[in-house]
Amino acid sequence: MEIDIESPHSAAWPGIIQRYKRYLPVTADTPVITLLEGNTPLIPAVSLPRLFGVDIELYFKFEGMNPTGSFKDRGMTLAISKAAEEGAEIVVCASTGNTSASAAAYASRAGMISTVLIPRGNIAQGKLAQAMMHGAVVVQIDGNFDDCLRLVRALAEERPVAIVNSINPYRIEGQKTGSFEICQQLGGRPPDYHVLPVGNAGNITAYWKGYREFFYNGLIDRLPRMIGFQAAGSAPIVRGMRIDKPETVATAIKIGDPASWKSAVAARDESGGLIEEVTDDEITHAQKLLASYEGVFAEPASAASVAGVAKLSRKGFFPKGACVVCILTGHGLKDPERAIAIAEAPARSSANIHAVLDLLDRAVEARKRHSNP
Ligand SMILES: *Cc1c(COP(=O)(O)O)cnc(C)c1O
């Protein structure tokens, strides 16, 4: 087979700031702190629409393929670059995990100190490992994410630090590039429905901003409907009230008082979309389906978008042929403990060929029965 070494897009990919600088608040003087984030795959679904009993064109935008394994890198490259431009030496964030992993990685590249406040006992092991390895000052707070964010705001009043949470407008600016990529990957059109998990609500705000900018610049001729999903135990926007003790297995969206609440509601209403909820059981089921039928391993929060598509499919929500993009916000390896808890445990065998054969034959039979639903 011929290989054209000049064509692969990703080989020359410069990261989102270089690629989209015309749409971002940067100048020639802005130092670009990048890990070449962005350019993540838009993977077409092969099985789930059939399984959900719908005739839709479904894609997964796999943001878990970013350098630190979540979409947070898109906003962090810009937030850290601007902090560097402004001469910041210390950055600080509250995080359910992925923001701290990303902040720690980009800060280390910029030669800055990062400080991250995380809720004690609620952080996925992969995310904690990342913040620790990148040398962040990691503080576990006896409280939830909302407490951490409150403390970060107070801390910034006392010390000369740059906040890199999504209340930092550069985060939203960087994250909007996800919309640009989707439109380009779909050949110059937006999806009909853009589905994503909603936690602090920065991402839904950012994607909506990105689509609108491409629309007003004449690059696309219509806008998608924005469809957000919260976890049922952590659904302040759906319920219309702050949740004091949010609960969900999807720790990345375990947030009771979203910072970008108003702009999430605006994205929903301006686009004619929805923000609804899915249960932890639905999230877990969707995470397993995604891994076992599509070959894509995403973390629980990401699977909320797929659980949402399943739920709306059951209600007959999607018109035939609709183009639906699910944002898979983070990689499944971020939370290995959860995956091991919900998946089938490895079988155990003596080191004997007959025992292994017997076990395999039975397992293969069971799998075959299972895959013909
Ligand atoms: C941060 C995060 C979310 C939530 O995004 P918001 O912008 O806070 O709504 C969802 N999934 C993953 C994996 C995340 O890291």
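Guide: Contact means heavy atoms within 4.5 Å of each other. The model is predicted, so local features require pLDDT of at least 70 and side-chain atom pairs pLDDT 80 or more, whereas totals for chains, interfaces and linings use all residues. Residues are numbered from 1 along each chain as its sequence is written, and side-chain values use heavy atoms, leaving out hydrogens and water.

Visitor: What makes α12 roughly perpendicular to α13?

Guide: Helices are DSSP runs of H or I with at least four residues, and strands are E runs of at least two, numbered from the N terminus. Axes are lines fitted to C-alpha atoms, for helices over the stretch in contact, with angles from 0 to 180 degrees between N-to-C directions. The axes of α12 (residues 280-294) and α13 (residues 300-314) come within 7 Å and cross at roughly 100°. Roughly perpendicular covers 65 to 115 degrees; under 35 is roughly parallel, over 145 roughly antiparallel, and the rest oblique. Therefore α12 is roughly perpendicular to α13.

Visitor: Which residues of α12 and α13 meet?

Guide: E282, I283, A286, Q287 and L290 of α12 meet P300, A303, A304, V306, A307, K311 and R314 of α13.

Visitor: Why are α9 and α11 called oblique?

Guide: Helix α9 (residues 202-216) and helix α11 (residues 261-271) pack at about 45°, their axes 8 Å apart. That angle falls in none of the three named ranges, so α9 and α11 are oblique to each other.

Visitor: How do you know that β3 pairs with β6?

Guide: Pairing requires at least two DSSP bridges between two strands. Two bridges join β3 (residues 90-94) to β6, so the strands qualify as a pair, and they run parallel. V91 has A162 of β6 as its bridge partner.
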